[in-house]
Amino acid sequence: MHRVAITGTGVFTPQDVITNAELVASYNEYAHRQNTLHAEAIAAGEREPMPMSSEEFIVKASGIERRHVMSKFGILDPGVMHPLLPERADEELSIMAEISVKAADEAMRKAGLTAADIGAVICAASNHERAYPAIAIEVQQALGIKGFAFDMNVACSSATFGMQLAADMIRCGSARAILMVNPEITSGHQEWRDRDCHFIFGDVCTAVVMQRAEETASDVAYEILSTRCLTEFSNNIRNNNGFLRRTREGHMVDRRDMQFRQEGRKVFKQVVPMVAELMLGHLADAGISPADLKRLWLHQANKAMNDLIGEKVLGRQPSREEQPNVLQDYANTSSAGSIIAFSKFSDDLPAGSLGVICSFGAGYSAGSVIVRRT
């Protein structure tokens, strides 16, 4: 059994930025148009008026101040309200593969590895732009990597589940080094016309290189000491879109349930204790006290949720250094959020420092990865 280390990370950040002010202006104009269009039904009590949004509402509800997206113009057009991403020919590199390659190049450079050193590619993301062939295999070909590749989806926990899978394969000898990419184009499944969630998501891609710890040449490496995953079925976060949609009469029309939707208050109340218990149990079984942790890199979905989880795990309010947030700038980037936080806030810790990478989301699902700076 081989020891496993994270030796490189990469983050691709789209150039387009949408501020809360821009988002509120476009949404409120859309809501105003809809309320005007349905004024008679609203006056008759047959239809509820669409509520207005505000910058204050968004920050209070989430802590998000802005988000990056692949294309902002359709999103901000009240007549469109979704991203406009031109279709690519089958012979062209897909958009998910393209951003994966960009993040992977950075991660491989930091790890000091080339394509010849990588034995497998995992594309772990909450949404995939096609059913097959796998995005991971396309990334593998684009980078010139031999071996094998596959896609996986555990929603917002995809990255930590992917890390457990990669670590297990490296420990057992299936590959000496594995590249995991998390291309999250969440703007595509976001419902920008819903006041309660129109601000939640942003686009990004992260990449992680994991390899045998004894073979690392990276200046910054974190050994994976232990991993743990947990799932419990819930409908409180759901998206009903899928390939069976066309088999049901009327299902090809625009429908709210074919985009992201959630029961936010239920999710908060149910997920926070589940994640805290997972992390505390994982640490106890590994013989590690929460007081020994130097950093928590949590899923970047909601600031209040993260603050409460951190408090439950540490037994006190965590400092900004102990639990760094990036969602104010990136919003919720699904599985990539905890990896962004780790990538941006891990180089400063001294050797021997302990930390936990944790993500959680639809399923419900949650993944915990205990790491130590080498």
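Among contacts in the protein chain between residues at least 6 apart in sequence, what percentage join residues at least 24 apart? I found 77%, with a contact meaning heavy atoms within 4.5 Å.

I noted that this is a predicted model, in which local features need pLDDT of at least 70, side-chain atom pairs count only at pLDDT 80 or more, and totals for chains, interfaces and linings use all residues. Residues are numbered from 1 along each chain as its sequence is written, and side-chain values use heavy atoms, leaving out hydrogens and water.

**Overall chain**

I looked up the dimensions: the C-alpha trace spans about 70 × 55 × 35 Å along its principal axes. The radius of gyration of the protein chain is 21 Å, which agrees with the value near 21 Å for a compact globule of 374 residues; it is taken over C-alpha atoms, and the globule rule is 2.2 Å times the number of residues to the power 0.38. I recorded that 54% of the 374 residues are buried, that is, under 20% relative accessible area (1.4 Å probe, protein chains only).

**Second largest pocket**

I then turned to the second largest pocket, an open set of points on a 1 Å grid over the protein atoms alone, with protein on both sides within 12 Å along at least five of seven lines; lining residues have an atom within 4 Å of a point. Its lining has 15 residues, with Lys 303, Arg 320, Gln 323, Pro 324 and Asn 325 nearest the centre. By class, I noted four nonpolar, six polar and five charged residues in this lining; Asp, Glu, Lys and Arg count as charged, Ala, Val, Leu, Ile, Met, Phe, Trp, Tyr, Cys and Pro as nonpolar, and the others, Gly among them, as polar.

How values were computed
1 Å grid on protein atoms, 1.4 Å probe; cavity = no way out; pocket = protein on both sides within 12 Å on 5 of 7 lines; lining within 4 Å. Buried < 20%, exposed > 50% of the residue type's maximum accessible area, 1.4 Å probe, protein only.
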